[in-house]
Amino acid sequence: MLKLLFLLGLLSLISLFVGVSELSPALLLAGDSQTLELLFTSRLPRLLSIVLAGAGLSIAGLVMQQISQNRFAAPSTTGTIECAMLGYMLSLVFFGNGNQLWLIFSVSIFGTLLFVTLIQRIQFRNAVFVPLIGIIYGSIISSCSTFLAYKYDALQMLSSWTVANFASILKGDYELLYIALPIAAFTYAYAARISAVGMGRDFAVGLGLSYRQVLVIGVMLVSILSASVVMIVGALPFIGLLVPNLVSIFYGDNLRKNISRVAIVGALLVLACDIVSRLIIFPYEIPVSMLVSILGGLAFIYLITKGPKSV
């Protein structure tokens, strides 16, 4: 854990000083007004949004894999992100803006709960079928969002959500991501119940738990975390799939102990990809979601071919 924290601190420090506008440590220590403004207006908000987004999506993926009893489940493979985008489009259509958080969260929660209920009723012999069905389900939801975007001339706004980019994050733009902190704390306190649900309905009921209640709460946690990240920075695919499985390989499957590890590793992964995205064609930068998609796609293929066949 200490090594992970040290690495996160090191990459965070590097991230603050990487960019087109020069941020000199000497000027920073001297208290230069322009340097301080750059730090607190752009660089620090970008860093915090990266850390919170990576940690939030990773925790969401961890919870989703528990409640769905499938290691291939994640917000990007169960339609959660697509449902959040549909909620955003409905907010634009009915209210003229995308600021109706209650609607975005509600659509995301309902859509995710519908998918989880569906896969629990259909018994798959191979765990790989779950994300495949989820991708098809997400495509259907995404098609509905695209139809609304075409009909109401909002395709450009919708497209900006499909590609995560931290370049435009400034002070005042990212604060919604702080919702990841109380949700992470609640998940830690609720970990035993979520783990019991992950063992199956009969096991959870045998312990005196309300299976449906814990399931709905788990879906709410996943949906709110995922929708918050998508609303601020856009879609970061496969983070919720890759990070929990990576942590599980090295540290085991204890949910409560893995929450902090998953959060740190998720933040590390997104932060490392963001730094590379700024340097690879400097002084320009590519969307961080491109690098995340490559890593996540390769990890998904590996898990299908070499990883566990079922939960």
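Axes here are lines fitted to C-alpha atoms, for helices over the stretch in contact, and the angles between them run from 0 to 180 degrees between N-to-C directions. With that in hand, a good place to start in this predicted model is the pairing of helix 1 (residues 2-16) with helix 3: their axes come within 9 Å and cross at roughly 145 degrees. The crossing is right-handed. On the helix 1 side, Ser12, Ser15 and Leu16 take part, and they meet Leu39, Arg43, Leu44 and Leu47 of helix 3. Sorted by character, the residues of this contact come out as four nonpolar, two polar and one charged.

Helix 3 (33-68) turns up again around helix 9, whose buried residues pack against it as well as against helix 8 (180-189), helix 10 (201-206), helix 11 (211-233) and helix 13 (255-279). Helix 9 itself covers residues 191-198, and its buried members are Ala191, Ile194, Ala196, Val197 and Gly198. Just past the end of helix 9 sits Gly200, with a positive phi of about 120 degrees.

Ile194 also shows up in the largest nonpolar core, a set of 96 residues, where it joins Met89, Phe166, Leu236 and Ile239 as the ones with the most contacts inside. Phe166 reaches well along the chain: beyond its neighbours within four places in sequence, its contacts include Arg46, Ala53, Leu236, Asp274 and Val288. A second, separate core has seven residues, among them Phe72, Phe238, Leu241 and Phe300.

As for the membrane, the unreviewed UniProt entry lists transmembrane regions that include residues 176-193 and 288-305. The chain is 72% helix over residues 176-193, and 100% helix over residues 288-305.

Terms used: Residues numbered from 1 in each chain as written. Predicted model: local features only at pLDDT ≥ 70, side-chain atom pairs only at ≥ 80, totals over all residues. Heavy atoms only, no water. UniProt positions renumbered as here; feature names shortened; annotations may be inferred. Helix = DSSP H or I, 4+ residues; strand = E, 2+ residues; numbered from the N terminus. Buried < 20%, exposed > 50% of the residue type's maximum accessible area, 1.4 Å probe, protein only. Contact = heavy atoms within 4.5 Å. Core = buried A, V, L, I, M, F, W, Y, C linked by side-chain atoms within 4.5 Å. Left-handed = near helix turned anticlockwise from the far one by under 90°. Nonpolar A, V, L, I, M, F, W, Y, C, P; charged D, E, K, R; others polar.
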